[in-house]
Amino acid sequence: MTDDQSPTSEMNDDESLHQWVVGESFQHASVQADFTTAAQLRDRLRRQPPDQNSPLRIRPGLGVDDTEWNDLTSELLKAYGAAVLPEGRPPTAVPRHSVLKHSRDNVLIGDAHVEGDAFQAQLAVVNDTEMLRDHTADQQHVPGMLLIEASIQLVTWAVSEIWLPPAGHPPYYAVMHASAFEFSRFVFPLPTLLTGTFTRTGPAEDDKIPLSAEVRVRQAGQDCSRVRIDLHAFRPALVFAIEDGQARRTLLRAAPAA
């Protein structure tokens, strides 16, 4: 089925005047009348311009970043004026280095903040993020692996925000050594909240803090998944020294016998 043949390719009188604009990677979600991609929306409005007496309200869903949203809304406001009413903005992604990513497209959390040992963020998914680009299932929902990765990113970010190092030292580094996850509902390309808490699981040492984290993924007021992670917040120098020592010992064990 092409975009022109999709069930939502025309704006019928009984369709909602609210549309969630999602990334092209979520085009299968547009089987639901309230979802549309930017390309589908542009095509639809060219063929059936909106009515200023019943303006079309558009909101950013997942797969739409700030740049695309700005381009789309500027274009539609110029073409149709008050007949299109943009509402809301995509979340602002955290800095890529704070979640250990080389590519900004692979950052999955935004609008993040902490309060005590609790932390939260919005799911921030751009269209070109690797976990969508290389996922082949024809589906309406967000892949479970993406939710796990977003939860890990949130824990990684929160460790460096909550446990501040002494002046002149790099941030603490989250090293995870066990995890479990549960899925109770599908997550769709709509605004999604991740909330988390840390629990100390042992006495803190100078260079590491033993922790357990739980992250809940919520959408439209309902729990959708839960991720539990056991970890240490390490001083980077210590964890890199441990890694280097293990690498050397592994190389020795893997060496061919003389």
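Asp43 and Arg46 sit 3 residues apart in helix α1, about one turn of the helix; helices (H or I, at least four residues) and strands (E, at least two) are DSSP runs, numbered from the N terminus. The two form a salt bridge, with 3.9 Å between the closest N and O atoms; the term covers a side-chain nitrogen of Lys or Arg within 4 Å of a carboxyl oxygen of Asp or Glu. Arg46 counts as exposed, at 57% relative accessibility (buried means under 20% relative accessible area, exposed over 50%, partly exposed in between, with a 1.4 Å probe and protein chains only).

A word on the model: it is predicted, so local features need pLDDT of at least 70 and side-chain atom pairs count only at pLDDT 80 or more, while totals for chains, interfaces and linings use all residues. Residues are numbered from 1 along each chain as its sequence is written, and side-chain values use heavy atoms, with hydrogens and water left out.

Back to α1, and to its other side chains. Ala38, Gln40, Leu41, Arg44 and Leu45 are buried in this helix. Seen down the axis, these buried residues fall within an arc of 155°, so they line one face of α1; the arc is that of the directions from the helix axis to the C-beta atoms. They pack against β1, β2, β3, α2 and β4, where contact means heavy atoms within 4.5 Å.

The sheet under discussion is an open one of 4 strands in the order β2-β1-β3-β4, with parallel pairing; two strands pair if DSSP finds at least two bridges between them. Its edge strands, β2 (35-37) and β4 (84-86), each pair on one side only. From one strand to the next, the twist averages 35°. Strand β1 (residues 18-22) is joined to β2 by 3 bridges, and Val22 stands opposite Thr37 in β2. Helix α1 (residues 38-47) packs on the sheet, touching β1, β2, β3 (56-60) and β4, and its direction makes about 90° with that of β2. Axes here are lines fitted to C-alpha atoms, for helices over the stretch in contact, and angles run from 0 to 180 degrees between N-to-C directions. Helix α2 (residues 66-80) lies across β1, β3 and β4, running at about 155° to β4.

Next come the cores. The largest nonpolar core holds 41 residues, and Phe198 and Leu231 touch the most other members; such a core is a set of buried Ala, Val, Leu, Ile, Met, Phe, Trp, Tyr and Cys residues joined through side-chain atoms within 4.5 Å. At least two residues of this core come from each of β6 (118-123), α4 (144-162), β8 (193-200), β9 (208-219) and β10 (222-234), and α4 gives the most, with 9 residues. Apart from this core lies another, of 13 residues, among them Ala38, Leu56, Trp69 and Leu72.

As for charges, the whole structure has 15 salt bridges. Glu87 and Arg57 meet in one of them at 2.8 Å, N to O. This pair links distant parts of the chain, 30 residues apart: Glu87 in the loop between β4 and β5 (109-115), and Arg57 in strand β3. Glu87 is partly exposed at 24%, and Arg57 is partly exposed at 31%. Lys101 and Glu149 also meet in a salt bridge, at 3.0 Å, N to O. Lys101 lies in the loop between β4 and β5 and Glu149 in helix α4, so the pair ties together parts 48 residues apart in sequence.
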